Amino acid sequence: MRGMLSPSLMCADALNLQSELEALDRLGVDYIHLDFMDNKFVPNITLDAELIRAVKRVLVNMKRDIHIMAIEPEQYFDRMEIGQGDIVSVHFEACGGRLHEVIADIRQRGASPFVAISPDTEPEVLADYLDEIDGVLVMTVYPGFAGRPIVEGSFDKIRAVRALLDSRREGMLLEVDGHVSWDLCQTMRECGGDLFVAGSSSLYQRGLDLAEAVERMSELIA
Ligand code: DX5
Ligand code: ZN
């Protein structure tokens, strides 16, 4: 499976989001990464649920890759109009004993459920859910902010999750989120990543031409 790009909208120009989305869509980018934060699970607020819903209206080619960093994430699914084609990542650490139900809710809406794990969560916790999900989002930074440094041991984490997914079935996706930089993205790909969140560490670095950056990143993770 070829490597895929998921630019992080929270890192784009906040005063020109529609034109940023349309430019990425025209460039044939696979996914747009939409971070939702509740200021409880993580101490920050970024894109709100209504904006995440409204994004649907301008997308022609890209699909939504929604990353919900919130307690009880299911409370936001209606407002976001979660549906066909969406990837929805919910955090293992935020769902308590309800993760099976939350995953079923996402599936029932026609979307693709992923479980996200933060840097301090071991991959083994995923074992009970692998038959119900389509992929795993591995956080390689502590969630909540763009521009954070990669966490020590992230490459081993990606390798361990890759081995876990491949031991269960073919075709499960491994998404890498956090400090996916120009110099580290190829190693992340070699360790087993499939879908890469491109934020302030790559596409959205100051002064880059978006089309050139997308082309260069796509080649690096191919
Ligand atoms: C952080 C978000 C990431 C972030 C990545 O909690 O989940 O998607 O936007 O941005 P960089 O590339 O700056 O780590
Ligand atoms: Zn994210």
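**Close-up 1. Polar contacts of ligand 1.** In this predicted model, an oxygen atom of ligand 1 is 2.8 Å from an N or O atom in the side chain of D177. The protein covers 100% of the 380 Å² of accessible area that ligand 1 has on its own (Shrake-Rupley method, 1.4 Å probe; for residues, only the protein chains shown count as cover). A backbone N or O atom of G144 also lies 2.8 Å from a ligand oxygen, and for a polar side-chain atom of H33 the distance to an oxygen atom of ligand 1 is 3.3 Å. A polar contact is a pair of N or O atoms within 3.5 Å; within protein, one must be able to donate a hydrogen and the other to accept it, and residues adjacent in sequence count only if both atoms are side-chain atoms. Around ligand 1 there are 21 residues, of which S8, G144, G147, D177 and S200 come nearest (near: a heavy atom within 4 Å).

**Close-up 2. Helix α7 and its surroundings.** Helix α7 spans residues 210–220, and L210, A213, V214 and M217 in it are buried. These residues lie on the same side of α7 because they cover an arc of only 100° around the axis (directions from the helix axis to the C-beta atoms). Exposed residues E212, E215 and E219 occupy the face turned away from the buried side. Buried denotes under 20% relative accessible area, exposed over 50%, and partly exposed in between (1.4 Å probe, protein chains only). The cover over the buried residues of α7 includes β1 (4–7), α1 (17–26) and α6 (185–191) (contact: heavy atoms within 4.5 Å). Helices (H or I, at least four residues) and strands (E, at least two) are DSSP runs, numbered from the N terminus. D209 caps the N-terminal end of α7, with a side-chain oxygen 3.2 Å from the backbone nitrogen of A211.

**Close-up 3. Aromatic pairs.** The structure holds two aromatic pairs (Phe, Tyr or six-membered Trp rings with centres within 6.5 Å; planes under 30 degrees apart are stacked, over 60 edge-to-face, the rest tilted). F36 and Y76 form a tilted pair, 4.4 Å centre to centre with 55° between the planes. This pair links F36 in strand β2 (residues 31–37) to Y76 in the loop between β3 (63–69) and α3 (77–80), 40 residues apart. F36 is buried at 8% relative accessible area, and Y76 is buried at 9%. The rings of F92 and Y129 have centres 6.4 Å apart and planes at 65°, so this pair is edge-to-face.

**Conventions.** Residues are numbered from 1 along each chain as its sequence is written, with chains lettered from A and ligands numbered from 1 in the order in which they are written. Local features need pLDDT of at least 70 and side-chain atom pairs count only at pLDDT 80 or more, while totals for chains, interfaces and linings use all residues; side-chain values use heavy atoms, with hydrogens and water left out.
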